[in-house]
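The following exercises concern the predicted model shown below. Each task is followed by a solution in steps.

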Amino acid sequence: MSELIRAVIIDDNLSSLELLTAALEQKGVALYTASDPVHGLDLVRTVRPQLVITDLVMPGLSGLEVLRQIMVFAPSTNVILMTAHYTTETAVEAIRNGAADYLQKPVKIADLRERVRLLLTAAESRRLALSDTAAHMEDLTFEGLIAKSAAMWRLFAMMEKIAPHYRTLLIHGETGTGKDLVARAVHARSRTRGSFVVLNCSAVVETLFESELFGHTRGAFTGADRDKEGLFAAADGGTLFLDEIGDMPMSTQAKLLRAIQNQEIYKIGSLVPRRVHVKVIAASHRDLKQAAKEGQFREDLFYRLSMVELKVPPLRERREDIELLTGHFVERFASEYRRKVRGVTPRAQLVLNRYDWPGNVRQLEHVIARSCMLADSELIDVEDLPDDVVDVPSTMQLVTASLLVNQERLLLQQIFNETNGNQSETARRLGIGRDALRYKLKKHGLGC
Ligand SMILES: Nc1ncnc2c1ncn2[C@@H]1O[C@H](COP(=O)(O)OP(=O)(O)OP(=O)(O)O)[C@@H](O)[C@H]1O
């Protein structure tokens, strides 16, 4: 971050403009100010700043419009909006539209400095991770998540921005992609003081769901022989992570929605409400929108949760992460199992890079753990890898094969029709023998 940082501040209130300028004035930062949004946008176009701080309500053009225009011509700019009327909903909306942050006015100077520092450091980490010049693993790590792919660093940037503002969040991704780690990372960056409490919805007996979430009073039902606090209460001031929320019964979903909306819970057997401040993160490998359409998930809960939706891409869509994760897991398991393994051979790495990883990072983790145990030498080789990883043809090969089969069927059908089903003529035009033609016709269910 040694280069000069350019920042543009736009505010129609002159004393606020002066205050912000004084707050951000420091070595290495070039500040430009505008007291009207149109001039502000001109400045942004000419000086191409990394950072723009703009008021939300201004005559002529709103801060949201300023944001919208900047996102069109310089989408990587960090735009911070300031407003006297902060709500979670407007903050989330602004961030979904590309804002880097959304601050309550009057802005606390220490807060602003810290937010700017975090944003610029995050932008620097992102640049470093994507530039192939990262010197250390820390440069490629975001709160325990390791990646160098642009897709993952885009996700980290969104996590960073949304973490201080969201109240509900939905994480979607195939099994083993790292949803749990993503949830923990968002919690860590949310600056809440409370705990991170987890409920795996696929592991709870249906009848005990509500007692798990909201707690119960003694005698509330048979077997309730003492008062019990629920997970909502345990997560008060922190985050409740509901993993595999698609497995939550519909009746519990209705109560969950009410608790989220009212920030109030009732223990089973009690009429006394308790106020709670809980951020809720839900995760699912299922397409909940589709489930809601099919009546298998409450639509209102889906819309509430998906105000912010984070998608964790499958490993096969970010293959540049495979080698990095392989190295990380080799180091971890070699040390855990006290083995002298220090890497994988180039050809084994090729096999790993080519495989489709239906179980995603977790599957890669298990494969490397097993290979570390089996490897006879310092480098894991192809024979140390499981057969299914080594033998399966890559998706590319499968796709090509199925395309060829399709093409063949279409061609056969076309010529067979043109020749009015004349096999000798069809074989002649295709340049193959009659036996080969009969075989192919049978294979494709044609002409019989
Ligand atoms: N980017 C990553 N860097 C390092 N480790 C990772 C990364 N992504 C996933 N892992 C590891 O892979 C394993 C699976 O991750 P995690 O449990 O977060 O996935 P998940 O999507 O929540 O899975 P499920 O859908 O089965 O609950 C964990 O051991 C986790 O530590």
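Two strands are taken to pair if DSSP finds at least two bridges between them.

**Exercise 1. State the strand order of the open sheet that contains β9 and β16, and identify its edge strands.**

Solution.
- Step 1. Under this criterion, five strands make up an open sheet, and their order is β9-β12-β15-β8-β16. The pairing is parallel.
- Step 2. β9 (196–200) and β16 (309–311) are the edge strands, since each pairs on one side only.
- Step 3. With direction ignored, neighbouring strands of this sheet are turned by 20° against each other on average.
- Step 4. At the β9 edge, five bridges join β9 to β12 (residues 239–243), and the two strands run parallel. Within this pair, Val-197 has Leu-240 of β12 as its bridge partner.

**Exercise 2. Describe the open sheet that contains β1 to β5, and explain why β2 and β5 each have a side without a neighbour.**

Solution.
- Step 1. The order of the five strands is β2-β1-β3-β4-β5, with parallel pairing.
- Step 2. β2 (29–34) and β5 (101–104) stand at the edges and have a single partner strand each, so one side of each lacks a neighbour in the sheet.
- Step 3. From one strand to the next, the twist averages 20°.
- Step 4. Inside the sheet, β3 (residues 51–55) and β4 (residues 78–83) are paired in the parallel sense over five bridges. Thr-54 stands opposite Leu-81 in β4.
- Step 5. Helix α5 (residues 109–131) lies across β1 (5–10), β3, β4 and β5, and runs at about 175° to β5.
- Step 6. For the sequence context, the unreviewed UniProt entry annotates residues 6–120 as "domain: Response regulatory". This span is 47% helix and 23% strand, and its end C-alpha atoms lie 11 Å apart.

**Exercise 3. Characterise the backbone at Pro-106 and at Glu-143.**

Solution.
- Step 1. As a reference, most residues other than glycine have a negative phi, and most peptide bonds are trans.
- Step 2. The peptide bond from Lys-105 to Pro-106 is cis, with omega near -5°. Pro-106 is placed in the loop between β5 and α5.
- Step 3. Glu-143 is not a glycine, although its phi is positive, at about 45°. Glu-143 belongs to the loop between β6 (141–142) and β7.

**Exercise 4. Determine which residues are closest to the ligand and which domains contribute to its shell.**

Solution.
- Step 1. The ligand is surrounded by 17 residues, of which the closest are Ile-146, Gly-178, Lys-179, Asp-180 and Val-361.
- Step 2. The elements giving two or more residues to this shell are β7 (145–146), α7 (179–189) and α15 (360–374).
- Step 3. The shell comprises six nonpolar, six polar and five charged residues.
- Step 4. Domain 2 (166–311) and domain 3 (315–391) each supply at least three residues to the shell.
- Step 5. The unreviewed UniProt entry lists residues 145–373 as "domain: Sigma-54 factor interaction". This span is 44% helix and 17% strand, with its end C-alpha atoms 24 Å apart.

**Exercise 5. Describe the contact between domain 2 and domain 3.**

Solution.
- Step 1. The domain assignment gives domain 1 (5–131), domain 2 (166–311), domain 3 (315–391) and domain 4 (395–443).
- Step 2. Taken over C-alpha atoms, the centres of domain 2 and domain 3 are separated by 35 Å.
- Step 3. Five residues from domain 2 and six residues from domain 3 take part in the contact.
- Step 4. On the side of domain 2 that touches domain 3, four residues are polar, one is charged and none is nonpolar.

Note on methods. Residues are numbered from 1 along each chain as its sequence is written. This is a predicted model: local features need pLDDT of at least 70, side-chain atom pairs count only at pLDDT 80 or more; totals for chains, interfaces and linings use all residues. A residue is near a molecule or strand if its C-beta atom, placed from the backbone, lies within 6 Å of it. Helices (H or I, at least four residues) and strands (E, at least two) are DSSP runs, numbered from the N terminus. Ala, Val, Leu, Ile, Met, Phe, Trp, Tyr, Cys and Pro count as nonpolar, Asp, Glu, Lys and Arg as charged, and the others, Gly among them, as polar. Domain bounds come from an automatic or database domain assignment. UniProt positions are given in the numbering used here, feature names are shortened, and annotations may be inferred rather than shown by experiment. Axes are lines fitted to C-alpha atoms, for helices over the stretch in contact, and angles run from 0 to 180 degrees between N-to-C directions. Two residues are in contact if their C-beta atoms, placed from the backbone, lie within 7 Å.
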